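Hi everyone, thanks for coming. I'd like to walk you through one model today, so please have a look at it with me.

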Amino acid sequence: PPPLTIAIDGYSACGKSTLARALARRLGYSYIDTGAMYRAVTLQLQRSGVDLDDESAVASTLSETTIGFRPTDNHVLLNGVDVEDQIRGLNVSNMVSQVAALSQVRRAMVDQQRRMGADGGVILDGRDIGTVVFPDADLKLFVTADIETRIDRRLSELLSNGQEVRREEVAANLKERDHIDSSRADSPLRMADDAILLDNTHLNLEQLVERGAELVAQIR
Ligand code: C5P
């Protein structure tokens, strides 16, 4: 079968990257974690101490920043250096939605995502994949789970990675990001008209992957 382009969008910590990674592995496709790209840019802007309101300072940081993924383990590379651990903490999580709301940041990331996905055989997850990045994707999934489920999952993920966080901090961060991501002017998070809704509140992640694999099989 011809290589497909699969778009997976949804709210923060809804299970979409677990789904995307597992489906990519099964299909032998590449997986592009677009959230990791926004997180890496955020880390770079934090390090350079740039004021986000200063458009030309943001532009110059962007022009000196390259984002990539290491092929062996998909870790995100910032200027060639593995920053996978640094981008997952609350430091970055608490600022990433402000950065991702900037149009010049989005333009740069979307251009790169389109280049990386141009040949198909790819699964991208994010907030605007089915609406903006690949509006003609072969399959669009929109993943949701109720907020308490998402908080619990993200909390245990962070704790098992050795991060010291409290449930209230995680809850506040997810709610804040959902709000900013859905209400921003440029490419707000929304379900594409032709996306399939996958609510996994009452599924475990394994069942979610099974459901996704069935949907892929139907169009292949
Ligand atoms: O997917 P993840 O939760 O790691 O994404 C981090 C943040 O990056 C999101 O909260 C959102 O602000 C931004 N993002 C985005 N568009 C995407 C992917 C992520 O704006 N396609």
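Let me start with a question: in which hand, left or right, does α2 pass α3? The crossing of α2 past α3 is right-handed. Please keep in mind throughout that this is a predicted model.

Let's stay with that helix pair for a moment. Two packed helices are described by the angle between their axes and by the distance between those axes. Here, helix α2 covers residues 34-48 and helix α3 covers residues 55-63. Their packing angle is about 115 degrees, and the axes are 10 Å apart. If you zoom in on the contact, α2 contributes V41, Q44, L45 and S48, and on the α3 side you'll find V58, T61 and L62. By type, the residues of this contact come out as 4 nonpolar, 3 polar and no charged.

Now, on to the annotated site. An unreviewed UniProt entry lists G10, Y11, S12, A13, C14, G15, K16, S17 and T18 under "binding site". Which of these residues appear in the lining of the largest pocket? That lining includes S12, A13, C14, G15, K16, S17 and T18.

I picked three of the listed residues to look at one by one.

Take Y11 to begin with. You'll find Y11 in the loop between β1, residues 5-10, and α1, residues 16-27. Its relative accessible area is 27%, so Y11 counts as partly exposed. Setting aside residues up to four places away in sequence, Y11 touches K16, R127, F142, V143, T144, R150, D178, S182 and L189.

Next comes G15. Is G15 buried or exposed? G15 is buried, because its relative accessible area of 12% is under the 20% cut-off. G15, too, sits in the loop between β1 and α1. Not counting neighbours within four places in sequence, G15 is in contact with R153, L205 and L208. And here's a pair to try on your own screen: G15 and T201 are 186 residues apart along the chain, yet their C-alpha atoms are separated by 9.8 Å.

Finally, T18, which lies in helix α1. With a relative accessible area of 29%, T18 is partly exposed. Beyond the residues up to four places away in sequence, T18 touches L205 and V209. You may remember L205 from a moment ago, as G15 is in contact with L205.

That's my tour for today. Happy to take questions!

Definitions and conventions:
Residues numbered from 1 in each chain as written. Predicted model: local features only at pLDDT ≥ 70, side-chain atom pairs only at ≥ 80, totals over all residues. Heavy atoms only, no water. UniProt positions renumbered as here; feature names shortened; annotations may be inferred. 1 Å grid on protein atoms, 1.4 Å probe; cavity = no way out; pocket = protein on both sides within 12 Å on 5 of 7 lines; lining within 4 Å. Helix = DSSP H or I, 4+ residues; strand = E, 2+ residues; numbered from the N terminus. Buried < 20%, exposed > 50% of the residue type's maximum accessible area, 1.4 Å probe, protein only. Contact = heavy atoms within 4.5 Å. Axes fitted to C-alpha atoms, helices over the stretch in contact; angles between N-to-C directions. Left-handed = near helix turned anticlockwise from the far one by under 90°. Nonpolar A, V, L, I, M, F, W, Y, C, P; charged D, E, K, R; others polar.
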